[in-house]
Amino acid sequence: MRALTALRPLPDWIVKEILSSLDLLPAPAILIDERLSVFGANEAAYSILPGVGTASSLCAQFAEEDRDKLVNLLILSPDIPGCPAGLDIEITSGEERRWCNLQARQVSGFDGFFIVTILDIHAAKTTQIETRRWEERWNAALVGSDLGVWDHDIRRGDYFYSGKWKEIRGLSRDSEVDADYESWIDAVHPDDRERVRAYIEKQVAGDMSVTDCEYRERRADGTYVWIECRGACVETFPDGSAARIIGTDLDITARKEAEGQIQRLKQRFELALEATRIGVFEADLVDHTVQFDDTLMEIFGLIGNSPVMGGDDWMSVIHPEDRAAALQRINAGVTSGKDFSNEFRIIRANDGALRHIRGQAAHFIDANGRQKVIGANWDVTEDVRVREELERAKTLAEARNSELEAIRSRLEFNALHDDLTGLPNRRFLDETLARHSGAAGLSILHIDLDRFKQINDTLGHRAGDFMLTHASAILLSAASTDDVVARIGGDEFVIVSTFEGDLCRLQAMATEIIERLRAPVYVDKTPCRVGASVGIAFDARPDCDATQLLQNADMALYRAKSNGKNRYEFFTSELQDQIVVKKRVSDEILASLERGEFIPYFQPQFDAKSLDLAGLETLARWAHPLKGVLPPAAFLAIAEELDVVSAIDAMILEKSLDHMKTLGEAAPKISFNISVRRLSDPELMTKLDKLPIAPEKISFELLETIFLDDSEGDLAANIEALRSRGFGLEIDDFGSGHASVIGLLKVKPNTLKVDRALIKPIVENREQRQLVEAIIGIGHSLGMKVTAEGVETRAHIDLLRDMNCDILQGYALAKPMSYTDLRGFIAREDWRR
């Protein structure tokens with residue numbers, strides 16, 4: 001700020017002359033010094049500033065916050081020669097504040113003195129301030145909205161795009177925008193370009209009306225955004241074309257997606273209505289009109305009529321008997337304001353057909369405040385027909401209900417009971433055991449009828465059925481009323497009862513059953529006797545396993561039958577141990593089969609006259625991994641129960657034939673024992689045809705106990721097939737069973753093997769020698785060779801040679817041996833020593 005100078009006082013005549021010149025000015029004017037002291041003013045100034053006067057301060061006429069502005073006005077004035085300084089300021093004139101422009105000009109020749117003129121700019125300044133306020137509000141509104149603003153000032157070449165406009169297009173707010181028209185139109189979706197071009201051309205032509213356009217534009221990331229553009233031309237060139245166009249853009253992608261979803265839902269709804277043949281109506285409750293869609297017009301038979309009709313018109317279509325009830329439901333629904341359903345019959349207008357209609361409706365108030373009902377009707381005539389048929393069927397079913405219930409009861413009883421005896425069956429027993437599992441104290445008697453099969457086979461099924469009915473009556477009378485007596489198989493029965501520790505009762509029950517079943521019963525005057533074997537198991541613990549208890553009783557029954565039948569046995573820990581051992585041996589047999597631990601042993605056979613090697617009998621041995629080589633007695637019975645004897649035979653056969661290949665001519669032939677089951681195998685011949693050795697070198701030994709006289713079916717067929725293929729056939733253990741000469745003639749074996757029980761006593765017993773000699777003679781007469789088993793001494797060899805026996809086999813010449821021992825035995829001819 002310039003320092004105040006020491007003022008040189010103005011002469012009075014100068015002051016008067018200046019004031020006279022101020023009076024000539026139309027605008028208010030005041031003469032002041034740089035201390036803002038007033039020296040005078042014209043009349044116009046007094047009208048604006050009534051308080052201004054000589055020797056007063058101009059500051060007193062203004063607000064305190066504006067006084068420094070007045071000082072600055074005077075300070076700046078001399079710095080711009082010939083140009084007065086200006087200041088917009090509010091002046092208080094009476095109770096009114098008005099905007100004025102103050103300009104100060106220094107008095108020429110007199111430093112520190114100024115003439116201040118005052119211009120009234122209140123109207124212009126007020127407009128300017130109000131415009132600035134509106135601009136601020138507009139800018140704040142744009143910033144807070146989702147609108148992107150664009151301003152194309154073509155006259156000045158100025159193109160403005162707001163930050164939101166850029167964000168809509170995937171650009172940053174501070175990025176530069178290429179205003180080239182063709183570059184921008186290239187980003188518009190190809191399907192929208194022609195429409196957008198027409199929109200732009202209309203604005204460029206100078207159309208000053210606000211127009212809008214929706215289109216898709218490619219964003220910076222390549223995706224498209226839907227934009228609603230609203231704009232207008234706001235300035236034009238003299239030729240009428242646009243000089244400035246301003247507008248806004250709004251991202252409407254979400255709205256478009258929602259509209260698309262609504263459209264898809266609408267299409268689905270329309271398709272659903274069409275597919276389900278549902279008609280829609282809308283009723284106006286104010287003017288009592290109803291509008292039907294095409295489907296409903298067709299349902300009601302009103303095609304060709306106006307879809308808008310009065311309430312009475314469409315009510316006339318409803319069957320007279322249903323009108324009152326239908327109208328009542330409508331009124332009740334409208335009154336309650338809740339959704340309601342309806343069902344009525346119509347007499348279709350076009351053909352008079354009676355149809356059943358079902359409907360659902362809802363009350364609502366539209367945007368104009370009118371009360372309306374919207375709903376749907378559909379034809380349920382077919383449903384009603386089906387329902388009526390179902391009702392008739394239901395009535396019929398109910399009429400037959402008692403009969404069906406009786407049938408059901410009979411079927412249920414038959415499903416759980418034995419047809420012959422009426423006793424519960426195995427299914428009933430299983431359900432009973434399931435209920436008793438976990439119960440406290442239970443006993444089970446498992447009964448098997450002895451000799452029942454013989455009666456059934458010899459006297460026929462009628463006698464068998466009679467004996468089963470007889471046995472059932474005895475069991476029922478022996479058991480208590482609370483016990484369950486069931487028939488679980490052909491001749492097997494079970495009695496289940498509670499057990500409270502009374503073993504004597506179980507023994508007495510079993511004894512009574514055995515004694516009474518042992519007594520003869522006459523069937524057609526023929527006495528029939530059966531016996532009974534009983535296995536007993538009990539468990540007094542509070543959580544006994546009923547299923548396991550049945551298994552225990554079954555094991556006890558097996559023990560009773562093994563010990564001679566017609567007796568009872570209790571399940572014991574010893575029996576349990578035997579079962580455990582049996583289980584272990586069974587597992588070991590199966591494992592040994594997998595590992596190939598069953599091996600052949602060979603017992604040589606010799607020509608009785610020359611003692612040359614005549615053949616080898618193959619014997620099965622178990623090469624147990626812990627117990628060494630075991631004979632058949634250690635495994636055969638369990639193997640039969642496991643049904644693996646055939647598998648063991650096959651393994652022995654395969655290994656033996658491999659050894660025969662190595663022995664070559666040193667072993668003239670080899671023989672194998674063959675079981676009834678294997679001999680009855682329908683696939684036996686197919687398997688034997690694949691053997692890698694000539695059939696003439698193989699013989700199969702048939703046990704005499706095969707019942708040669710009764711051999712039929714696959715058994716007889718396979719015997720004949722063996723003979724026809726050239727395999728040798730031998731009857732083993734001849735003399736120990738009951739084979740007849742007729743049986744021998746049937747089978748026609750190549751060799752008879754006389755049982756060792758007949759051979760052993762011939763040294764001491766003359767009659768036994770004569771018997772053996774007779775057997776040898778019979779064999780020779782039938783064209784068979786005879787082999788003597790059990791040759792244990794030199795005396796046996798000499799006697800049998802003298803009897804013309806063909807082949808000798810026994811410990812006197814050779815014991816059974818492994819293949820390794822056999823090779824050395826043959827090479828050394830140890831038997832000759």
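**Close-up views, from single residues to pockets**

**View 1. Asp539 touches residues from other parts of the chain.** Beyond the neighbours within four places in sequence, Asp539 is in contact (heavy atoms within 4.5 Å) with Gly441, Leu442, Phe499, Cys544, Asp545 and Leu549. This is a predicted model, where local features need pLDDT of at least 70 and side-chain atom pairs pLDDT 80 or more, while totals for chains, interfaces and linings use all residues. Residues are numbered from 1 along each chain as its sequence is written, and side-chain values use heavy atoms, without hydrogens or water. Look for Asp539 in strand S22, residues 531–539 (strands, E of at least two residues, and helices, H or I of at least four, are DSSP runs numbered from the N terminus). Asp539 counts as buried because its relative accessibility is 11% (buried is under 20%, exposed over 50%, partly exposed in between, with a 1.4 Å probe and protein chains only). The side chains of Asp539 and Arg541 share a polar contact of 2.8 Å; here that term means N or O atoms within 3.5 Å, one able to donate a hydrogen and the other to accept it, with sequence-adjacent residues counted only when both are side-chain atoms.

**View 2. Phe606 sits buried in strand S24.** Strand S24 spans residues 598–607. Phe606 has a relative accessible area of 0%, so it is buried. Leaving out neighbours within four places in sequence, the contacts of Phe606 include Leu611, Leu613, Leu808, Phe825 and Trp831. For a sense of scale, Asp465 is 141 residues from Phe606 along the chain, and their C-alpha atoms are 56 Å apart.

**View 3. Helix H29 packs its buried residues against S24, S25 and H21.** Which residues of H29 are buried? In this helix, residues 819–828, they are Tyr819, Leu822, Gly824, Phe825 and Ile826. Just after H29 comes Glu829, with a positive phi of about 50 degrees.

**View 4. The largest nonpolar core has 58 residues.** Such a core is a set of buried Ala, Val, Leu, Ile, Met, Phe, Trp, Tyr and Cys residues joined through side-chain atoms within 4.5 Å. Leu688, Ile698, Leu800 and Leu808 have the most contacts inside the largest core. Another core lies apart from it, with 32 residues, among them Leu475, Phe493, Ala510 and Cys528.

**View 5. Two asparagines in loops have positive phi values.** Asn566, with phi near 50 degrees, is in the loop between helix H18 (546–562) and strand S23 (568–570). For Asn804, phi is near 70 degrees. Its loop runs between helix H28 (794–802) and strand S32 (807–809). Asn804 counts as partly exposed because its relative accessibility is 43%.

**View 6. The largest pocket has a volume of about 1000 Å³.** A pocket is an open set of points on a 1 Å grid over the protein atoms alone, where a 1.4 Å probe fits and protein lies on both sides within 12 Å along at least five of seven lines; lining residues have an atom within 4 Å of a point. Volume is the space filled by probe spheres set on the points. Of the 42 lining residues, Leu619, Pro632, Leu636, Asn673 and Ile674 lie nearest the centre. Elements giving two or more residues to this lining include strand S25 (613–624) and helix H21 (645–663).

**View 7. The second largest pocket holds about 640 Å³ of space.** Which residues lie nearest its centre? They are Tyr161, Trp165, Asp178, Asp180 and Trp184, out of 30 in the lining. Helix H7 gives the most to this lining, 5 residues; helix H6 (181–187) and strand S8 (211–218) are among the elements that supply at least two.
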